[in-house]
Amino acid sequence: MAESNFVDYVKIVCRSGRGGAGSSHFRREKYIPKGGPDGGNGGRGGHVYIRGNRNYWTLIHLRYARHIFATDGEHGSGKNSTGKDGLDVYIDVPLGTVIYDAETGDFVCEVREHDEVIMLLQGGLGGLGNTNFATATNQAPRYAQPGQPSREMTVVMQLKMLADVGLVGFPNAGKSTLLSIVSAAKPKIADYPFTTLEPNLGIVNYRDGRSFVMADIPGIIEGASDGKGLGLRFLRHIERNSVLLFVIPADTEDIAKEYEILLNELQQYNPELMEKNKILGISKSDLIDDDLQEMLIPTLPEGIEHVFFSAVTGKGVQELKDLIWRSITINNFHDVSPMVRQNMNLTLVGKEFDEDKIYYEEEVVEEEEYDDNVGGRMLDEDPWE
């Protein structure tokens with residue numbers, strides 16, 4: 001079996017450069033018997049940086065770069081010559097990469113923007129030469145500073161895809177088919193479980209030139225939090241999504257029960273996923289008639305909007321896209337005033353609103369501190385090995 005080009009996990013040993021030692025040199029020239037100290041400073045060691053690069057979409061270029069070291073600073077020399085600084089190292093990663101300390105599991109940094117540069121390890125400073133220690137009472141110091149040591153860290157890099165909506169469902173629920181219909185993505189589609197073995201991204205064209213990004217991950221089964229099936233390995237790719245689209249086939253025996261199973265697996269992985277906007281998409285609706293569809297509506301889970309659609313016939317696909325866009329837009333403008341939000345909601349669904357009419361009730365909402373922690377869990381070992 002050919003090795004996949006999709007790599008979203010790497011473990012790398014990084015080391016900054018050691019600072020060069022200062023020189024304890026004395027000037028020695030003809031006819032100048034006591035030239036005095038002229039030892040130069042040592043150069044600093046190279047830094048290790050993390051840099052965001054939108055031209056990368058996986059970590060495959062780092063798969064075999066197990067050790068990344070910056071160079072050491074050179075030592076100082078006579079004639080007050082300063083040593084050359086070590087070369088800095090820039091590690092390019094795709095946007096959405098999260099870095100953890102492999103030994104402690106602590107969050108280190110996250111790259112979100114193109115050309116964003118974050119210093120991972122600082123190089124050691126160079127030592128001072130003996131020229132810096134000359135005084136009126138100590139005119140011939142015979143000592144200099146050593147350079148500072150290098151710093152080393154083993155880091156784990158995990159890629160979390162940046163998408164607006166993530167597809168969640170059991171194997172063969174129709175997620176890949178939906179992605180292939182609404183976008184130009186060409187995921188693998190077949191009539192057997194776990195056809196999708198790696199996440200897929202697609203750009204969905206909406207009205208008036210607008211678009212949003214949809215992410216499809218491998219199917220989840222009951223007990224995935226315990227390692228069954230493909231486990232929860234790919235759920236990190238929906239942690240950044242604004243909306244979660246649960247895809248359940250219309251011919252499922254109990255849609256509400258299947259939805260609860262999926263919801264429970266997500267909660268076991270990361271409880272923060274429960275706070276995201278959720279949509280229920282009932283796929284393969286071409287397998288049932290209108291009467292059966294009406295009978296299924298009362299049995300659907302409460303508190304979540306739903307759409308019956310068929311990727312084969314196109315039934316309900318545009319309605320699903322409208323619902324997704326409305327959920328994404330509302331989520332992005334959660335901090336606007338209640339009136340603006342209500343008017344925006346009415347506009348999105350195609351209704352006109354009266355400026356003199358109150359569509360909302362004032363609510364007193366306590367402000368919560370924004371937690372910048374990306375959340376999720378760090379895997380203890382490379383799952384590809």
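These questions and answers go through a predicted model of one protein chain.

Residues are numbered from 1 along each chain as its sequence is written. In this predicted model, local features need pLDDT of at least 70, side-chain atom pairs count only at pLDDT 80 or more, and totals for chains, interfaces and linings use all residues, while side-chain values use heavy atoms and leave out hydrogens and water.

Colleague: What is the mean pLDDT of the protein chain?

Modeller: pLDDT is the predictor's confidence in each residue, from 0 to 100. In the protein chain, 76% of residues reach 70 or more. The mean is 79.

Colleague: Over which residues is the pLDDT below 50?

Modeller: The stretch in question still has 47 contacts beyond near neighbours in sequence; contact means heavy atoms within 4.5 Å. Where pLDDT is low, the predicted coordinates should not be read in detail. The stretch is residues 333–377.

Colleague: How many helices and strands does the protein chain have?

Modeller: Helices (H or I, at least four residues) and strands (E, at least two) are DSSP runs, numbered from the N terminus. The count for the protein chain is five helices and 14 strands.
Of contacts between residues at least 6 apart in sequence, 73% join residues at least 24 apart. So much for contacts; the secondary structure comes to five helices and 14 strands.

Colleague: What share of the residues in the protein chain is buried?

Modeller: Buried means under 20% relative accessible area, exposed over 50%, partly exposed in between (1.4 Å probe, protein chains only). The protein chain has 385 residues. The buried share is 46%.

Colleague: Which strands pair with β8 in the antiparallel sense?

Modeller: Two strands pair if DSSP finds at least two bridges between them. Strand β8 (residues 152–159) has seven of its eight residues buried. Seven bridges link β8 with one partner, where Val10 stands opposite Met157, and five link β8 with another, where Val98 faces Gln158. The partners are β1 (residues 9–15) and β5 (residues 97–101).

Colleague: Which residues stand opposite Leu167 of β9?

Modeller: β9 runs parallel to β11, joined by three bridges, and parallel to β12 (residues 243–249) over four bridges. In a regular strand the side chains alternate between the two faces of the sheet. In β9 (residues 165–168), Val165 and Leu167 point one way, Gly166 and Val168 the other, and all are buried. Opposite Leu167 stand Asp216 in β11 and Leu245 in β12.

Colleague: Which element gives the most residues to the lining of the second largest cavity?

Modeller: A cavity is a set of points, on a 1 Å grid over the protein atoms alone, where a 1.4 Å probe fits but cannot get out; lining residues have an atom within 4 Å of a point. The search finds two cavities of 30 Å³ or more, and the second largest holds about 30 Å³, a volume being the space filled by probe spheres set on points joined across faces, edges and corners. Elements giving two or more residues to its lining are α1 (175–182), β11 (211–216) and α4 (317–332). With three residues, the element that gives the most is α4.

Colleague: How many residues of that lining are charged?

Modeller: Ala, Val, Leu, Ile, Met, Phe, Trp, Tyr, Cys and Pro count as nonpolar, Asp, Glu, Lys and Arg as charged, and the others, Gly among them, as polar. The lining includes Leu178, Phe212, Lys321 and Ile324. Seven lining residues are nonpolar and none is polar. The charged count is one.

Colleague: Why is α1 described as largely enclosed by the rest of the structure?

Modeller: Among the buried residues of α1 are Lys175, Leu178 and Val182. The helix is largely enclosed because the buried residues number six of eight.

Colleague: Is Ser327 buried or exposed?

Modeller: Ser327 lies in helix α4. Beyond neighbours within four places in sequence, Ser327 contacts Val243, Asn277 and Ile279. Its relative accessible area is 8%, so Ser327 is buried.

Colleague: How far apart are the C-alpha atoms of Tyr90 and Tyr49?

Modeller: Tyr90 sits in strand β4 and is partly exposed at 39%. Leaving aside neighbours within four places in sequence, Tyr90 contacts Tyr49, Arg51 and Val117. Tyr90 and Tyr49 are 41 residues apart along the chain, yet the C-alpha separation is 4.8 Å.

Colleague: What is the phi of Asn80?

Modeller: Most residues other than glycine have a negative phi. Asn80 lies in the loop between β3 (67–69) and β4 (89–93), and its phi is positive. The value is near 55°.

Methods:
1 Å grid on protein atoms, 1.4 Å probe; cavity = no way out; pocket = protein on both sides within 12 Å on 5 of 7 lines; lining within 4 Å.
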